[in-house]
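Student: I would like a close look at one part of this protein, starting from a single side chain and working outwards. Please take me through its surroundings and then through the sheets elsewhere in the chain.

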Amino acid sequence: QQEEATSLRQENQDLKLEVQKLRQQMEAMDKTRRSFLTDDQIKMLEQSRMSQWPNESIIQGLKFRFALSVHGYEYLRDSGYPLSAYSTIMRRIQDFQLNFGIFKDVVDLLKFKIETMELVDRFCILSYDEMQISEQLDFDKNVGISGKIQILFAMIFTTRYIDLFTGFVSIDNSIMKKVFLTLSYITLHLVFYTFKTTYNHKYDCFRIMYLIVPSLMLSFVFVHVYSMMEIIWAFSIYLESVAIVPQLFMVPRTSQDKSIVSHYLFALGSYKAFYLLNWIYHYYEENFFDPIVIVAGIVETVMTYYGYYSIFIRPKGSGSIEVVVTDAAGELAYSLIFKIANGDVFGTKQQVILHLIDVPSAMGILEGVCMEIDDLALPLVKGYVKTENSKLEEAFRGIDAAFLLGTMPNSESEALNKYANKDVKVLVIGNPANTNALIRSLHAPSIPKQNFTAMTRLDQNRAQSAIAIHLGLSISSIKNVTIWGGNQSSTQFQDVFNALVKSCDSVQNMYDIIKDKQWLTEDFIKIIQSRESAVIQARKKSSAMSAAKAAVDHMHDWCFGTPKGTWVSMGVISDGSYGMACRKI
C-alpha cells in the first residue's frame, strides 16, 4: 500500500507538471493569437458568431482588404479566419465621422498598403478624400464688398434727409429721399442678415470712428449757418467725401481684378462725378456756388478714382513680383527655378524675387541651389529668400505666384490664407494635384477659388507630342488637345475631338486626319496614361524637365492668355460648366 501511495503521489506530481506545461502552452498560444486577432475575433472563434463588430475589428478588416483585395479577403473568411462580412465593412465605413485634419487610422491603413507594394509602385500613390457634395447656392465670400461703407451711407442719407420731417420741397424730391433711405437700410439688412454668411467681416476692419469723429468736428467749424439742421447737413457732406475709405482699405485684401468690386467702385465714383456736373450747371445757369459741397465732392471723386486706378488699372509689371517654390531642393524645382528666373514664365522684362522652401534636412542642398542662382547672374533675379517649411510666414508673405510642388496642403494653405496677396495665382503640382488644389482652396477661404489650379499641362504636352510623332509633324502643328480628369492618372481622358492639325497651310480636325482610329482610341490613351510610369521605370525617377516645362507653360498662359482660337488644359474648380457638379476640380 505504501508503494502504491508513493506511485500515486508521483503520478499526481507528473500530472501537475503536465497541466502546468499545458497551461504555459495555452498562455503562449493565447498571446500569439492576440498578437494578430482582436478580442472580438477571439470571441467569434469561441462562439461562432458576432452580434456587433467594434471599430478596431473593422479597421483590421480594412487592412486585410488593402493587402489582399476583395477576393483575398473573402478567401480568408471562407477558410475560417474571424473577419466580418465585407458588406459589413462597407456599411460601417459610411458611419465614420470625418472632419478636416489628419486621421491616424487612415494614415496607418495607407502605411500598411504601401508596405505591400513594389518599390517602383511607391513613386505614385493616389490619396483621396471621399466626400459628399450637396447641390446648393454658394456665394463667394471674397467679392470684397464692405459692410462698413453701407453703415456710413445709411448715416449719410439719414442725416442729410432729416428735413423730410421738417419741410416740403416737392413730391419728386420727397420720393427721391425716401428711395435713398429705404435702399440704404435694405442694403444693410441684406449684408448683415440675409447674406451674412457671405460677408467677410474679418477683412472689413477699418475703424469708421476715424472718419465719423473728424467729419463731425469739421461740421462745427466749416458750416454756412450755425443751426442744428445745417450742422447735421454739413456732417453728411464731409462724411460722404471719405466714406469710400473702408472699401479701399478692404479691396486689396479680398478681391481680384475681375471682381464685382471694380464695377462697384467705378459706379460710386461716377455717382459723385455726375453730381459735380450738376453743380457746374447750377453755377453757370443760376450763379450758385457752394464751396463745402464742391470741395467735398472733388475729394470724394478723386479718392474713389485714384483708389480704382491704383488697385485695378495700374500695371504690376513696373516692380518685381514675388514667387514661391516649395520642395525647392528637389529635382523638379532645380529645372523649374532657372526657367522662372530667366523670364520664361512672367516675361523677359519682369524682375522676380524667389521664395524657396524645403524641409530642414534639405537646407544644404538648397544652399547649393542658391549658389547657382547667384552664378547664373540673371538680371531678372532681384533677390531670393530661402526658408525652412517650419517658417511659412516668411516664405509666403506678399507672394504673387505660387508653384506648390510638395504635398503639405494644410500648412501651406494656412500660410497662403494669412500672408499671401489675395490675387495670388496658385499652381498645384504635387500629386494628387487635383485633390491637393481643392484642399488648399478650402483651407484658404480669403483667396478666390478661381486662383487655385492643378497642373494637367504635362499630360497635354505629352498628348500633343505623341500625336505629332505619329503624324510625322512638328509639335507646333498640334493644338487644342483637351485633358479631362486628374493629371498622370489612369482615369483621365485625352479629348482630341476638337483638336486641330496645321499641315500644308491648312487647318484640319485631328480626328479626321488620323486614319488609324484604333491607335487613337486605344494605344494613344494608354501611352499617355502610363507615360509617367514608363519614365520612372526607365530613369528610376519621376519626370523633371518635362514637368518643369509644363509648369512654365501653365503659369505663362494663365498670366498672359493664349492666342485667339487656342486653348490649354488646367485643373480648375468647377463652376457648373460642361455638366460638372460645382466645387469639384
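Tutor: Thr 301 counts as buried, because its relative accessibility is 10% and the cut-off for buried is under 20%. This is a predicted model. Thr 301 is part of helix α12, which covers residues 291–313. A polar atom of the Thr 301 side chain lies 2.8 Å from the backbone oxygen of Gly 297. Apart from neighbours within four places in sequence, Thr 301 is in contact with Gly 269, Lys 272, Ala 273 and Leu 276.

The UniProt record helps to place these residues. Its unreviewed entry gives "transmembrane region" at residues 151–169, 175–195, 207–225, 231–251, 263–282 and 288–308. In the model, residues 207–225 are 68% helix and 0% strand, with 30 Å between the end C-alpha atoms. For residues 231–251 the figures are 90% helix and 0% strand, and the end C-alpha atoms are 32 Å apart. The unreviewed entry also has a "coiled-coil region" at residues 5–32. That span is 100% helix and 0% strand in the model, and its end C-alpha atoms lie 40 Å apart.

Next come the sheets. One is an open sheet of 7 strands with mixed pairing, in the order β3-β2-β1-β4-β5-β6-β12. Its edges are β3 (381–388) and β12 (571–572); each has a single partner strand, so one side of each is left without a neighbour in the sheet. At the β12 edge, β6 (residues 452–454) pairs with β12 in the antiparallel sense over 2 bridges. Thr 453 has Val 572 in β12 as its bridge partner. Helix α14 (residues 363–376) packs on this sheet and touches β2 and β3, with its direction at about 175° to that of β3. Helix α13 (residues 331–341) lies across β1 (321–325), β2 (352–358), β3 and β4 (401–404), and runs at about 165° to β2.

Another open sheet has 3 strands in the order β7-β10-β11, with antiparallel pairing. Here β7 (478–479) and β11 (506–509) are the edge strands, each pairing on one side only. Strand β10 (residues 500–503) is joined to β7 by 2 bridges, and the two run antiparallel. Within that pairing, Lys 479 has Leu 500 in β10 as its bridge partner.

To return to the starting point, Thr 301 is buried and sits in helix α12, with contacts that include Ala 273 and Leu 276.

Notes
Residues numbered from 1 in each chain as written. Predicted model: local features only at pLDDT ≥ 70, side-chain atom pairs only at ≥ 80, totals over all residues. Heavy atoms only, no water. Helix = DSSP H or I, 4+ residues; strand = E, 2+ residues; numbered from the N terminus. Buried < 20%, exposed > 50% of the residue type's maximum accessible area, 1.4 Å probe, protein only. Polar contact = N/O pair within 3.5 Å; in protein donor to acceptor, adjacent residues only side chain to side chain. Contact = heavy atoms within 4.5 Å. UniProt positions renumbered as here; feature names shortened; annotations may be inferred. Pairing = 2+ DSSP bridges. Axes fitted to C-alpha atoms, helices over the stretch in contact; angles between N-to-C directions.
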